[in-house]
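Subject: The structure for you to look at

Dear colleague,

I am handing over the structure we talked about, and I would be glad if you kept it open while you read the rest of this message.

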Amino acid sequence: MYRRRLTSLPLFFSHFHQVKRADQLKIYQAFSTEIINPVESESSSTRNSPFVAFVLGGPGSGKGTQCLKIAETFGFEHIGAGDLLRKEMYSSTEEGAMIQKLMREGSIAPSEVTVKLIRKAIESAGNRKFLIDGFPRSEENRTAYERIIGAEPNFVLFFDCPEEVMVKRVLNRNEGRVDDNEHTVKERLKVYKAVTLPVVNHYAKKGKLYKVDGTGTQEEIFERVRPIFSSLSSLV
C-alpha cells in the first residue's frame, strides 16, 4: 500500500481566467484566496509515489475518449474501473466468480472489490501516472478508496456537459448496447446526478477539482484539457 502527503491543487470549478506560472506554462485557475504551487509543495518521496487522477463525467460526457488522448499525449496509464471488473469476472479467481454471481443477480460489485482491483492494476503497471476512468461513482466508492489505498487522488478531472448533449452523444455512438436508448440514458443521468455529483462537489470543496467544458468536438475539448496536464509535467 502506498501513502503520500497530499498537496493542494487549484480549484477549477467556477469562473476562469488565464494566468502564467513562473515556468511559463499556462494553466486555467479559478479565483481563490490561496493557491499553492504544487511543484514547490512536492517532496522527493511524494514524486516517487503513484500520481493518480480520477476522471469523472456523465454518460456521453466524453471522458473515455479524452482519457485515451491524455494517455497517448502525456504518458498516463488509463485504468477503467468497469474494464477491470469485466476482466476479473472472466478470470478463474474467487473474486471473478463472485462478480459473475452479482451480475447475474443484477447487483453491483462491492466498493472494496473494485478498489482492490484498482490497487492491483496500479502496483503491477510499469508506470507511475494513472487516470482512473469512471471512479469513484459514489461517496461509498470514494471512502472505500481512501480507506484501502490510504490516500486521496492527486486531483479530479471533471467533464461538465449539458444533459441534452450527453443524451445525443450516447444515442449517436451506435455501440450496440441495449441500454443506449433515450429513456434508459435519462435514467442513468438521474442516478449520476444523485450519486456521482456529490463526489464531484466533495473534491471541489477540497480544491482538487479541474472542471472542463465537455461541449464541442473531441479536438476542441482536448485543447481545454491539454494546458492542465502540460502544467503538471514537472510534477509527474
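What follows is an account of what was found, going from the whole chain to single residues.

Please keep in mind from the start that this is a predicted model. The protein has 10 helices and 7 strands, and of its 236 residues, 46% count as buried. If you look at contacts between residues at least 6 apart in sequence, 74% of them join residues at least 24 apart.

The interior is a good place to begin. The largest nonpolar core has 39 residues, and those with the most contacts inside it are Phe54, Ile132, Phe135 and Tyr145. Several elements each supply at least two residues of this core, among them the strands β3 (51-57), β5 (129-133) and β6 (155-160) and the helices α7 (139-149) and α8 (163-172), while the largest share, 7 residues, comes from α9. There is also a second, separate core of 19 residues, which includes Ala53, Val55, Phe74 and Phe229. To see how Ile132 is surrounded, leave out the residues up to four places away in sequence, and you will find that Ile132 touches Val52, Ala53, Phe54, Val55, Ile79 and Ile118.

Phe135 deserves another look, since the peptide bond from Phe135 to Pro136 is cis, with omega near 0°. As a point of comparison, most peptide bonds are trans. Pro136 itself is found in the loop between β5 and α7. Phe135 is also touched by Thr114, whose other contacts, again not counting residues up to four places away in sequence, are Ala81, Leu85 and Ala109. Thr114 is found in helix α6, and Thr114 counts as buried because its relative accessible area is 8%, which is under the 20% limit for that word.

Helix α6 also matters when you turn to the pockets. Which residues line the second largest pocket? They are Glu77, Leu84, Lys87, Glu88, Leu117, Lys120, Ala121 and Ser124, and the elements that give two or more residues to this lining are α4 (81-89) and α6 (111-124). Helix α6 gives the most, with 4 residues. The lining divides into 3 nonpolar, 1 polar and 4 charged residues, and the second largest pocket has a volume of about 220 Å³.

You may wonder about the cysteines, and how many disulfides the model contains. The count comes to 0 disulfides. Cys67 is buried, with a relative accessible area of 0%, and Cys161 is buried as well, with a relative accessible area of 9%.

Cys161 leads on to the last residue that I would like you to find. The C-alpha atoms of Gly216 and Cys161 are separated by 9.7 Å, although the two residues are 55 residues apart along the chain. Gly216 lies in the loop between β7 (209-213) and α10 (218-230), and, leaving aside its neighbours within four places in sequence, Gly216 is in contact with Arg169 and Ile221. Is Gly216 buried, partly exposed or exposed? With a relative accessible area of 41%, Gly216 is partly exposed, because that value lies between the 20% and 50% limits.

With best wishes

Conventions: Residues numbered from 1 in each chain as written. Predicted model: local features only at pLDDT ≥ 70, side-chain atom pairs only at ≥ 80, totals over all residues. Heavy atoms only, no water. 1 Å grid on protein atoms, 1.4 Å probe; cavity = no way out; pocket = protein on both sides within 12 Å on 5 of 7 lines; lining within 4 Å. Points joined across faces, edges and corners; volume = space filled by probe spheres on them. Nonpolar A, V, L, I, M, F, W, Y, C, P; charged D, E, K, R; others polar. Disulfide = S-S within 2.5 Å. Buried < 20%, exposed > 50% of the residue type's maximum accessible area, 1.4 Å probe, protein only. Core = buried A, V, L, I, M, F, W, Y, C linked by side-chain atoms within 4.5 Å. Contact = heavy atoms within 4.5 Å.
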